[in-house]
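Me: I have a structure open here and would like to go through some of its helix packing and its surface. Can you take me through it?

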Amino acid sequence: MVDQLESSHRNSHIILGAGDYDVRRLLGTMDYHSAVRPSVRSHLWLRLETLMQPVATSEPKVGVANRIWQRLRRGRIFYWPVRTLVQLGFFLLFAGIALARLNPSFNGARSWVILPVVASVKAQGAIGSTLDATTLLLSQAIFPWLPIGIMFVVGALLGRFMCGWICPVGFLQDVITGIKGRVDSVQTRTHEYWIRLKYVLVGITFLISGTLGLALYNGVGSDYQQSLGPFASGLFIAITPDGTLFGTLPLILAHSWRFLGTAQVSDFSAANLGSWLEGISALTWINILILMGFIYAAWRIPRFWCRYICPVGGIMAVFQKNSLLGMHRDPVKCSNCKECETACPMQIPILDLDWKKFNDSECILCMACIDACPAGALSPKFP
């Protein structure tokens, strides 16, 4: 091999440019090293071959419009515009009616349909959450057959699909991340540690509601229910951020607007303002702080609520591992560029999972990885 390289580079003054001083100097030492053992000569020719490799120039970045056009030509499907429209529609369906509570004459009616998403009963949306329905029924000593059945059916078929496409709290977090303009990641060890928090919160929620339901069913839970106060109907009914945003705050604004509509100038005094603030309960102030913390956390970490807090996500994560809907990665097309992992809002190690079909418990099936993959190696798989 060395002899072939020597013959190919014999006329080095023709191959090399006038400015390649280091290469010419290296070639000049070949006569001196001709008596050296072949391993040293091979090392020298390897270095020469490396120096003579053409320099790779970075290609200009392709614009978003060009990338979209190229994918459309190849028949690629973009999920983010469809998902955004679906999320927006369900957001208005879940929480839009809550804004109408600013009108004192409004009397909203809730549908019997419940889904495994975060949709507080305090928001007065058209559709409720299976978790809220479960804890409410348990607080009345009624076994929640319908909510549990819906969670089983949806979880077995779609896993956490509704977390990524329908949940209004998830949509709020996606909007905040979209405004920020990038998907940040958390240190892997920290991320894996805090994932357990939502399972702990699920356990606490069902411990409170389950023991209350059993006590009430046996006729000895009235004192227990009274001691729980606002938490008797459910832990997350009392503190969920969407209930504050679309239930508590609209009511406060509605009362304020009614006061402003009939108030006189003399009513605007420090004493009246103080009495109004004292009329707001401590739990309401805690809920406002939780809402502010939710917004800040969603700004710092994409889908923070879904990753570490959401009890509905914790319940549906159990079904996600074996759901019929999953993701497939084509190992032939995949180049391990990690663009999919960078775009994933749930920070899932996609390249470490089974390529045939992966159902990671934290996957919300938002299809962001499919849109981010330049080779089109990812696709949904059912079943």
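Me: Where should we start, and how do helix 7 and helix 12 cross?
Reply: Keeping in mind that this is a predicted model, the axes of helix 7 (residues 130-138) and helix 12 (residues 196-217) come within 8 Å and cross at roughly 30°. Since angles under 35 degrees count as roughly parallel, helix 7 is therefore roughly parallel to helix 12.

Me: Which residues make that contact?
Reply: Helix 7 contributes Leu 131, Thr 134, Thr 135 and Leu 138, while helix 12 brings Thr 205, Phe 206, Ser 209, Gly 210, Leu 212, Gly 213 and Leu 216.

Me: And by class, what is in the contact of helix 7 with helix 12?
Reply: There are five nonpolar and six polar residues in this contact, and no charged ones.

Me: What about helix 12 and helix 19, at what angle do they cross?
Reply: The axes of helix 12 and helix 19 (residues 311-320) also come within 8 Å, but here the crossing is at roughly 105°, and therefore the two helices are roughly perpendicular to each other.

Me: Which residues meet there?
Reply: From helix 12 these are Lys 198, Tyr 199, Val 202 and Phe 206, and they meet Pro 311, Gly 313, Gly 314, Ile 315 and Ala 317 in helix 19. By class, that contact has six nonpolar residues, two polar and one charged.

Me: Switching to the surface, which residues form a nonpolar patch?
Reply: Phe 152, Val 153, Leu 157, Leu 324 and Phe 382 form one, and together they have about 470 Å² of accessible area.

Me: Where is Phe 382 placed?
Reply: Phe 382 lies in the segment after strand 4 (378-381).

Technical notes:
Residues are numbered from 1 along each chain as its sequence is written. This is a predicted model: local features need pLDDT of at least 70, side-chain atom pairs count only at pLDDT 80 or more; totals for chains, interfaces and linings use all residues. Side-chain values use heavy atoms; hydrogens and water are left out. Axes are lines fitted to C-alpha atoms, for helices over the stretch in contact, and angles run from 0 to 180 degrees between N-to-C directions. Helices (H or I, at least four residues) and strands (E, at least two) are DSSP runs, numbered from the N terminus. Angles under 35 degrees count as roughly parallel, over 145 as roughly antiparallel, 65 to 115 as roughly perpendicular and the rest as oblique. Contact means heavy atoms within 4.5 Å. Ala, Val, Leu, Ile, Met, Phe, Trp, Tyr, Cys and Pro count as nonpolar, Asp, Glu, Lys and Arg as charged, and the others, Gly among them, as polar. Patches are made of residues with over 30% relative accessible area and no salt bridge: like charges are joined within 9 Å, nonpolar side chains (Val, Leu, Ile, Met, Phe, Trp, Tyr) within 5 Å. Accessible areas come from the Shrake-Rupley method with a 1.4 Å probe; for residues, only the protein chains shown count as cover. A salt bridge is a side-chain nitrogen of Lys or Arg within 4 Å of a carboxyl oxygen of Asp or Glu.
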